[in-house]
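Reader: Hey, got a minute to walk me through this model? I'd like to start with some helix packing.

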Amino acid sequence: MRKLYHARSESLRLSLALLVLAATVVLLIVVAGADPWQAMRGLLDGAVGDRYAIAETIVQSVPIAIVALGVAPALRAGIFPVGSEGQLAIGAVTATAAVFALKGVSAGLAVPAGCIAGMLGGAAWAFVPALLRARLNVNEILSTLLMNYLAANLLLWLVRTVLGAAEALATPRSDRLPIEAIIPKLVDGTRLHWGALAVLLGAGALAYWVRSTRGLGYDVFATHRDLAARMGVREGTAVMGTMLVSGAAAGLAGWIQVAGLQGILYPSVAGGLGFTGVLVALLGGLRPLGIVVASLVMAILTTGSNGLQTDTGVPASIAVVAQGLVLLGAALVFAARQRKARRAIIDFGAKPAEKIR
Amino acid sequence: MNAAELGFWAILLAGAIRLATPITLAALGETLVERCGIVNLGVEGMMALGAFVGVWGASEQSWGLGLILGGVAGGLLGLLMGLAVLKGGVNQIVAGIAITLLGVGLADYFFQIWQPSGRSAVVVPLVPILRLPMLDRLPLVGEALFAQSPLSYFAFAAVIAATWALRRTTPGLRLRSVGDDPEAAQLRGVDVVWVRMATLVLGGVLAGLGGATITVGYLGSFTDDVTSGRGYVAIAVVIIGRWSPVGAMFGALLFAGFDSLALLAQSSSVGLPVEFFSSLPYAMTLLALVLTARAQHAPRALGRAFGE
C-alpha cells in the first residue's frame, strides 16, 4: 500500500516538474510582450501552416535526423561524441571541394562525388577523437567539442581563401556549385529535395542495427564491458566503428546542407545542427522512429520560431530555450520510467515465492 | 610587435592572466563539482547566462550588482541541474547539455528583448583595475601580476582557499568522500544528496561569476556566443589539472596564454592566417588533454549516479 502511495506521489511530482517547464516557455513569451496563445498559433502557422511551410520544416529536419541517426549507435554503446557540429562543417567543405575539383570531368559524377566526399570528410574529422579515445582513453566528449572549434576556424579560413567566391564579397562564402551537383528537388515549388531519402535509409539501417546480434552486443557494451567482451565486442572496434559512423553521417548532412539548398558553402553551414542532432538522438530514445519524430518536432520549433520572430517579435532563440526544456522534461520522464522498471525487477527478485503463489 | 622585445612578453603575460580569470573561476567550480562525483557539462550555459545577466545588472546599477546577479544566475542553473540529477534521476551528461542549451538560449533571448538587433550595443563600466603600489613597476611581471582587475586577485585567492579547504577542512573532506565513495560516506552520516546539491550550486555561482567576469570584467558588453566554448575549456582544464584547483588554474593559463598570443597576432601582421591563431588555444587544450590522459586521478565515483 505504501509503495502505491509512493509511486503516485512520484508521478505527481513528475507532472508538476513538467508543468513548471511548460510554464517557463509561456512566461518567457509574456516577458517579450506577446500573447502566448497567439504566439503558439504563430509558431504552428510558421511551421506547418501551408504546403511550403511543411516542406520547409521537413527540409530543416533532414540534416538533424541524419546526424541523430548516425550518432545513435555510439550513444547506445555508451560513447558520447558531441562533434557532429564540426564534422558537418568539414563534410560540407570536402563535398564542396570535391565538386569543384571534378568540375568538367563528368556531370553525372557530381552528386555521388559530393555525397561520398562529404561522408569521408566527416569521418576523417571524427577519426582523430575516435583514435584518441580508443588508444589513449582521451575523454571523447571534450575532444570532440574542442575539435568543433578547430573545424569552425578551418572552414572560415578555407571559405575566405581557397574555396572563396571569385568576386569580392563582404561576407565570405563559396561560389555556387554547378547545377549538376545540386540534389534534385522532390516536390516542385518547394525546397524539399531527394536528400530526404537518406533519412529513410538511415532509419532503416538503425532499425536493422538495433535488432542485430552485433547491435545487442554494443548495447551491452554500454553497461557491462566484460559481458560484451565475451559477446565478441572489442572496445577499440566499438569506439572507432561507432564514432566513424557518426562522423560520416554528420559529413553527409554537411553535403546535403550545401548541395540540397542554395548550392553555396557558407561559414555558418553547421549553425547548431550538429548539437541539435545529438539532442534529437537522445530525445528519440536512440530508436529510429523516435529520432525521426523528434527531428520533426525540433524542425517545427526552429522554422516556427523564425516565423514567430517576424510575426510577434518574440526572439527566435526561444527555440533554443524550448529545446533545453524539452530535453530536460523528456529526461525526467525517461528516468522515472526506468526507476519504475527497476523497482519491478527488485520486487520480483525479492519475493519470488510470493509471486509463484 | 617583436617577440625579441621584453614588452611583447609583458603584454602577452598580462593578457594571459586577464583571459585566464573567467576560465579559472569556472574551472574551480567544476573542480569542486567533479570532486564530489558529478560531471557538470552545463558550465558553458552557466557562463553565458552569467555573462548576460552581469552586463544587464551593471547597466541597471553598477558592476557590483552585475557580478552578484551573474553569480546568482549561474547558481540557479546549478540548482536546476542538481534537482534534475539528484532528485529526478536524470543522466548527468544529458542534464548538462540541457542546462547549456537553457543558459545559452536564455542569455540570447533576454539580450534580444533588451537590445533588439540594429540598436548600438550598451557598453557598461568595467570593474576598475587595482594597482598594487611599487609592485606594479617591477619589470616584465609588474603590469601583468600587479595591475589587474580585482577579479583576477579574487580568482587566485579562491583557488588557494579551495585547495586549503579541500585538504584541511571537514566540509572539504566530506566533499571528497562523496566523490570517491558515496555509499560509505552515507553510512558515516554524510548527506550525499545535500553535499552534491550544495556543491553544484557553488559550482554554478562560480561559473556564472566567470561569465560575468568576461563581460563586466573585461569587455563591457555582451554579444551572442561571447563565451565561445570557454565553459567546455573549463571542463577540459579540470581534467588537465588532475582535479586540483591549482592544476585547473594552470590549465586555464595555458589556454589563455595562447588566446593572448592570438589577440596579439591579430593586431600585428604575421604571415599566418588569423584563423590559425584563433585555433591555437583550442588545439593546445586538446593536446594537453591528450598528454594528461594517462595516469588520471579522477574521483572514483565520478559520473556515477548515487545508489547505482
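Author: Sure. In α11(A), the residues A:T276, A:V280, A:A281 and A:L283 meet A:I291, A:A294, A:S295 and A:M298 of α12(A). Contact here is C-beta atoms, placed from the backbone, within 7 Å; helices are DSSP runs of H or I, at least four residues, numbered from the N terminus.

Reader: How do the residues of that contact divide into nonpolar, polar and charged?

Author: There are 6 nonpolar, 2 polar and no charged. Nonpolar covers Ala, Val, Leu, Ile, Met, Phe, Trp, Tyr, Cys and Pro, charged covers Asp, Glu, Lys and Arg, and the others, Gly among them, are polar.

Reader: And at what angle do α11 and α12 of chain A pack?

Author: About 130°, with axes 8 Å apart, for α11 (residues 273-283) and α12 (residues 288-312) of chain A. The axes are lines fitted to C-alpha atoms over the stretch in contact, and angles run from 0 to 180 degrees between N-to-C directions. α11(A) and α12(A) are therefore oblique to each other; under 35 degrees would be roughly parallel, over 145 roughly antiparallel, 65 to 115 roughly perpendicular, and the rest is oblique.

Reader: Is this predicted, and what are the ground rules?

Author: It's a predicted model, where local features need pLDDT of at least 70 and side-chain atom pairs count only at pLDDT 80 or more, while totals for chains, interfaces and linings use all residues. Residues are numbered from 1 along each chain as its sequence is written, with chains lettered from A and ligands numbered from 1 in the order written.

Reader: OK, where is confidence lowest in chain A?

Author: In helix α14 (residues 352-356), at a mean of 38, whereas α10 (residues 235-259) is highest at 95. pLDDT is the predictor's confidence in each residue, from 0 to 100. Chain A has a mean of 87, and chain B has 89. Where pLDDT is low, the predicted coordinates shouldn't be read in detail.

Reader: What ipTM does the complex get?

Author: 0.89, with a pTM of 0.90.

Reader: How many residues of chain B are in contact with chain A?

Author: 36, against 35 residues of chain A. On the chain B side, α4(B) gives the most, with 14 residues. That side divides into 24 nonpolar, 9 polar and 3 charged.

Reader: Switching topic: how exposed is A:M40?

Author: A:M40 is partly exposed, because 16 other C-beta atoms lie within 10 Å; 20 or more would be buried, 12 or fewer exposed, and in between is partly exposed. A:M40 sits in helix α2 (residues 36-48) of chain A.

Notes
Contact = placed C-beta atoms within 7 Å. Helix = DSSP H or I, 4+ residues; strand = E, 2+ residues; numbered from the N terminus.
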